[in-house]
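Q: I would like to request a close look at one part of this protein model, the sheet with the helices and loops around it. Please explain it in connected prose, as one would to a first-year student.

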Amino acid sequence: MAKRSLKASSTGIQWAKRAFSLKGWTQDNLAAEVNLKTRQPIWRFFTGQPVDRQVFMEICQILDLGWREIAENPPADFLEPGEPLTPPSLTVDELVAMVRSQHYDTLQHQCGILQLLDIGRPVNLDDIYVDVNILEAVANQQWLAIADLNNLESTEFDRVGLGVVEIPQIPGMEAVETYTKLRVLGRPGVGKTTFLQHLAVRCNQGEFAADQVPVFMALREFADVAKRRDDFSLFSYLHQTLLTASITAPQLEILLTEGRMLVLMDGLDEVRHQDINAVLQAIRTFSDQYHRNRYVVSCRTATQKLALRGFTDVEIAPFSSAQITTFAQKWFIALGRDATPAGQAKATEFVEKLERPENWPFRQLVVTPLFLHLACWVFQGEGQFPSKRTAFYKQSLDLLLGKWDETKGVERDDIYRGFLLPQKIKLLSQIAAVTFEQGQYFFEQRTIEQYIEDYLKTRPNPMLEPEELRLESEAILKAIEAQHGLLIERARGIFSFSYLAFQEYLTARKIVAAHNLRALEQALGGLVSHLTDPHWREVFLLTAAMLRSADSLVQLMKQEIDALVAHDPHLQDFLRWASQKSQTLSPTPKLATTRAFYLALAQSPTAAAPFALAITLDQGILLDAALENLLMDCALDHRQDFAYAQTCREAINNILVMVRDAGFYKSLQQLKDQLPSTQHPHQLQSWWQANYETWVEQLRTTMIHYRNIHHPWQFSAEQRQNLKRYYDANQLLVDCLNSNCEVTPTIRQDIESTLLLPQQELEDREWQGD
């Protein structure tokens, strides 16, 4: 005969309390659900005392529990309608298969699609996902000297690790298979969430950990639910998550005890400060109690100081060139407006243009998937990378300073004390400008905190005590690092901007944001003082692009450039020769470009080649280039190379086709005729050994006389260095003029027409008002 009452076992009481906490009810609420007039039976149920069997079963049903699993010594002779005499017991493998099957659609919907920034439709994860690489050692745990870091070239600034030895990388899947407790770190936008979603989908589809049940959770959502219910129990939250799979609490206990769960916890850094300790404790307790399962937690690198015992920290590596190419191919096919072949062609064009030297600043940023997506989106619309990079940088900064969190629904702690977006950018611009001016790409933590203190002192807030100011600066640095990822810890205690491009952009922005005309003139004067420093090249270009009018900047640059060689008579003679030579061409190409060609030709025929193309291959320029190439070859000692005589004969034949001056033609023909015929090798050998140097000198003299080229300028080492600075500075000025900056037509024409002119001609033009 069946018992008239049942009571819960000690284990059953624990399961029942977890299920009850998920409901968020009081005992009175539960009593009302069971149609009881008093909560006395509810109290008896949770204290393990006998309860009427019908009431016991209804309580278990409302709590989504199996009554037999809760009851102590459940009777076998009492059956529910339709219940078999002996309920089928599932093996662990059968239980895993059942839960995986019933949870499949929910997880696929949760993790199998992405909503990308500024894209109006969802995208299948597999259509866009690119396998990531993992750094087994976290970069900011290195011990490096700041002097070593500041000696890095700008092209190495974003190199992973930054040390003498690169940090080894392994595929992301290999890291997950190697470590059962893994914390995946990374900068904002590097793809941490997408990586965890990829793991969930692969497990869901049986391609990875097919003997485990995958569960994906956002830790900020767990914290919100747990705080609302005052229960930071991961067991309860997982049970609630798996309710769609009809899993009971005891069944979940079995899965966890047997190590048959893959628990993916995303966004530890997104948990609010007041909840973080409770969440950390919940993860530690749960992963210790159920240590046989596989755990992956994602977190921004800056938040890694929140220790998780037993977890191995790894970091997602920036994209390699191959990964960038793969992402672009997938992006333009999945999200572009073209069919697959056209999408592939667009991706190829994107990668080719990305590798061009002028697009190096974009290449710095697109190692991060978030910025790579943004670059693809811009390229899709415009068919090219924007000539004004400032808009792209502004959009990227806006993402890191708030928009990226907004798109994900993340609310961060307010550390800035009322700093709105303009104030944040002003602070970062101040830090960027001060450090860049001092040549600091890397700086110690206390140094950067001091810069923040200096900025805080200029704020209209009440004066803070020194200790308060120090604590405030520490908190703001942590917020900039953890929330925005704009300043990052490169090695222990050593910080830098996350991308050199941002430091350069913010430095330029500080110059442009001068509060009045006088301050702007001073800022531009300070900028021009760095004209010959190649590290400032990008700052010049960005400043020119951001100014409402770049007239003052380009005029200051022109004055500074001309002054570089104004007091060296020998260099002035060199410029005067180039000017005179450029005016002998008919029809006359653009004179400034022609002067540039001859200045380069006199130093290196190879360096002059691009200018020859720039001026449409004028016949006279081609002739001079061919003559210089011949003499450059003759500068090598070919006295023992008798076949070289035939090479000279053929070169002169090709040159004679371009010669229009009768005297020059005759002189070259005579030089060619001096060379003995190759039909008499012995005679050629004797003549070539005896007359090689004389013949080459006659060729050089003829060129100087008829073409006014190949003068023996004999520059000193210092003069060569000054010429290079002068040449590079002129190139920078031209690049600024060609960067779509706002320059009035008359000033642009005046600068372009007076490039590379000697000082006397500049003064004559000014006196004549030309």
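A: Strand 8 and strand 9 (residues 261-266) run parallel and are joined by six bridges. The model in which this pairing appears is a predicted one. One bridge can be followed residue by residue: Pro214 has Leu262 of strand 9 as its partner. In general, the strands of a sheet pair through backbone hydrogen bonds, and they may do so in a parallel or an antiparallel manner.

The pair belongs to an open sheet of seven strands, whose order is 6-5-11-7-10-9-8 and whose pairing is mixed. Strand 6 (169-171) and strand 8 (213-218) are the edge strands, each of them paired on one side only. From one strand to the next, the sheet twists by an average of 30°.

A helix can next be placed against this sheet. Helix 10 (residues 192-204) lies across strand 7 (181-186), strand 8, strand 9, strand 10 (294-300) and strand 11 (312-316). Its direction is at about 160° to that of strand 9.

Between helix 10 and strand 8 the chain forms a loop, and Ala209 lies in it. The phi of Ala209 is near 45°, a positive value in a residue other than glycine. This deserves attention because most residues other than glycine have a negative phi. Ala209 has a relative accessibility of 16% and so counts as buried, the cut-off for this class being under 20%.

The approach to strand 9 may be examined in the same manner, beginning with helix 13 (residues 249-257). Seven of the nine residues of helix 13 are buried, so this helix is largely enclosed by the rest of the structure. The buried residues are Ala249, Pro250, Gln251, Leu252, Glu253, Leu255 and Leu256. Just after helix 13 comes Gly259, which takes a positive phi of about 70°.

Arg260 also belongs to this stretch, for it lies in the loop between helix 13 and strand 9. Is Arg260 buried or exposed? Its relative accessible area is 14%, so Arg260 is buried. Leaving aside residues up to four places away in sequence, Arg260 touches Val92, Asp93, Val96, Asp211, Gln212, Val213, Leu255 and Asn293. Two of these names have been met already: Leu255 is among the buried residues of helix 13, and Val213 falls at the start of strand 8 (213-218).

Two further helices now complete the view of this region. Helix 11 (residues 219-229) and helix 14 (residues 273-289) have axes that come within 10 Å and cross at roughly 100°. An angle from 65 to 115 degrees counts as roughly perpendicular, and helix 11 and helix 14 are therefore roughly perpendicular to each other. On the side of helix 11, the contact is made by Leu219, Phe222, Ala223 and Lys227. These residues meet Gln274, Asp275, Val279, Ala282 and Ile283 in helix 14. Sorted by class, the residues of this contact are six nonpolar, one polar and two charged.

A second helix pair offers a useful contrast in angle. Helix 25 (residues 537-546) and helix 34 (residues 717-737) have axes 9 Å apart and pack at an angle of about 30°. Helix 25 and helix 34 are therefore roughly parallel to each other, since angles under 35 degrees receive that description. The crossing of helix 25 with helix 34 is right-handed. Arg537, Phe540, Leu541 and Ala544 of helix 25 make the contact with Leu732, Asp735 and Cys736 of helix 34. The contact of helix 25 with helix 34 contains five nonpolar and two charged residues, but no polar ones.

One link between parts of the chain distant in sequence may also be mentioned. Leu399 lies in helix 19 (residues 389-408), and at 2% relative accessibility Leu399 counts as buried. The C-alpha atoms of Leu399 and Pro188 are separated by 9.7 Å, although the two residues are 211 residues apart along the chain.

Finally, the region can be set within the whole chain. The chain has 36 helices and 14 strands, and 51% of its 770 residues count as buried. Among the contacts with a separation of 6 or more, 73% are between residues 24 or more positions apart.

How values were computed:
Residues numbered from 1 in each chain as written. Predicted model: local features only at pLDDT ≥ 70, side-chain atom pairs only at ≥ 80, totals over all residues. Heavy atoms only, no water. Pairing = 2+ DSSP bridges. Helix = DSSP H or I, 4+ residues; strand = E, 2+ residues; numbered from the N terminus. Axes fitted to C-alpha atoms, helices over the stretch in contact; angles between N-to-C directions. Contact = heavy atoms within 4.5 Å. Parallel < 35°, antiparallel > 145°, perpendicular 65-115°, else oblique. Nonpolar A, V, L, I, M, F, W, Y, C, P; charged D, E, K, R; others polar. Buried < 20%, exposed > 50% of the residue type's maximum accessible area, 1.4 Å probe, protein only. Left-handed = near helix turned anticlockwise from the far one by under 90°.
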